[in-house]
Amino acid sequence: MDDEPGTALAIDELVLRPWRVTDAPALLAACQDPEIIRWVTIPQPYLSADADAFIAAAMTMWRDGTGAPFAIVESATDRLLGAVTRFGPDGHQATVGLWLVPEGRGRGVGTRALRLVADWTFETTAVIRFDCFIMVGNEPSERMVERAGFQREGVLRAWDLHHGGVPVDCVVYSRLRTDQ
Ligand SMILES: CC(C)(COP(=O)(O)OP(=O)(O)OC[C@H]1O[C@@H](n2cnc3c(N)ncnc32)[C@H](O)[C@@H]1OP(=O)(O)O)[C@@H](O)C(=O)NCCC(=O)NCCS
């Protein structure tokens, strides 16, 4: 779709861009990864219709201003490396979630994407508090958000309902506008 809503951001070899209908096969493949399934609450099983619905919802979020969902791609090839989604702003707050395909891990893609979205959010909105919620035990994710300038606040008991409605504790991190 040429008239897709949203903004693209670039850093180094990466582009963060709005999702396209044509991303559905790559998104469907990515969401079969056991680590993404383990740590991110996505439909189970994840089917073609789920990828289509995610992309449609992402476009709606850009259109109605309820969020900023980006595909993280390699600029040279447009290969899908991951997803970073800002939910909000909701008042002075916004929340972020992120995952990477295995080939995208171990090279700072997540840290750089997260930092870029946080910086862009503070530059272009009135957000004061940007936060994220990480299931207890997800150490790579905690290290990533700390590298991106987020501070650990504590553990929220039964914060999320994971697959099948299982309550899980989450660590809450935040980065404030004044932390920059
Ligand atoms: C959480 C997740 C995104 C972290 O990915 P990651 O690759 O470990 O994190 P980053 O992209 O920040 O990369 C960090 C690694 O790249 C290295 N790196 C290289 N260049 C870098 C750069 N410019 N900046 C930061 N790190 C860099 C770091 O040293 C680090 O290596 P290490 O893992 O050997 O310590 C990934 O594990 C994932 O997708 N997991 C499944 C889904 C998930 O858990 N999502 C989060 C839910 S809250």
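This report walks through the ligand site, the pocket around it and a few backbone oddities in a predicted model.

## Who touches the ligand

Let's start with the ligand's neighbours. A shell of 21 residues surrounds it, and the closest of these are Leu100, Gly106, Gly110, Thr111 and Asn138. Sorted by class, that shell comes out as 10 nonpolar, six polar and five charged residues.

Two of those closest residues also turn up in polar pairings with ligand oxygen. For Thr111, an N or O atom in the side chain is 2.4 Å from an oxygen atom of the ligand. For Asn138, a polar side-chain atom lies 2.8 Å from a ligand oxygen. The backbone joins in as well: a polar backbone atom of Leu98 is 2.9 Å from a nitrogen atom of the ligand. As for cover, the ligand on its own would expose 940 Å², and the protein buries 70% of that.

## Where the ligand sits

Which pocket holds the ligand? It sits in the largest one. Several elements each give two or more residues to the shell around the ligand: helix 2 (34-39), strand 5 (93-100), helix 4 (109-124), strand 6 (129-135) and helix 5 (139-147).

## The pocket itself

The largest pocket holds about 1200 Å³ of space. Its lining runs to 49 residues, and those closest to the pocket centre are Trp39, Val40, Gly97, Leu98 and Trp99. Leu98 is the residue whose backbone pairs with the ligand nitrogen, so to speak a familiar face here.

Which elements give two or more residues to the lining of the largest pocket? They are helix 2, helix 3 (48-64), strand 4 (80-90), strand 5, helix 4, strand 6, helix 5 and strand 7 (151-162). In terms of chemistry, the lining divides into 31 nonpolar, 11 polar and seven charged residues.

## Backbone spots to check

Now for the peptide bonds. Gln44 and Pro45 are joined by a cis bond, with omega near -5 degrees. Pro45 belongs to the loop between helix 2 and helix 3, and both of those helices give two or more residues to the pocket lining.

Another cis peptide bond links Gly88 to Pro89, this time with omega at about 15 degrees. Here the proline is part of strand 4, which is also on the list of elements lining the largest pocket.

Finally, there's Asp78. Its phi is near 65 degrees, a positive value in a residue that isn't glycine. You'll find Asp78 in the loop between strand 3 (67-74) and strand 4.

Terms used:
Residues are numbered from 1 along each chain as its sequence is written. This is a predicted model: local features need pLDDT of at least 70, side-chain atom pairs count only at pLDDT 80 or more; totals for chains, interfaces and linings use all residues. Side-chain values use heavy atoms; hydrogens and water are left out. A residue is near a molecule or strand if one of its heavy atoms lies within 4 Å of it. A polar contact is a pair of N or O atoms within 3.5 Å; within protein, one must be able to donate a hydrogen and the other to accept it, and residues adjacent in sequence count only if both atoms are side-chain atoms. Accessible areas come from the Shrake-Rupley method with a 1.4 Å probe; for residues, only the protein chains shown count as cover. On a 1 Å grid over the protein atoms alone, a cavity is a set of points where a 1.4 Å probe fits but cannot get out, and a pocket is an open set with protein on both sides within 12 Å along at least five of seven lines; lining residues have an atom within 4 Å of a point. A molecule sits in a cavity or pocket if more than half of its atoms lie within 2 Å of its grid points. Helices (H or I, at least four residues) and strands (E, at least two) are DSSP runs, numbered from the N terminus. Ala, Val, Leu, Ile, Met, Phe, Trp, Tyr, Cys and Pro count as nonpolar, Asp, Glu, Lys and Arg as charged, and the others, Gly among them, as polar. Grid points are joined across faces, edges and corners, and a volume is the space filled by probe spheres set on the points.
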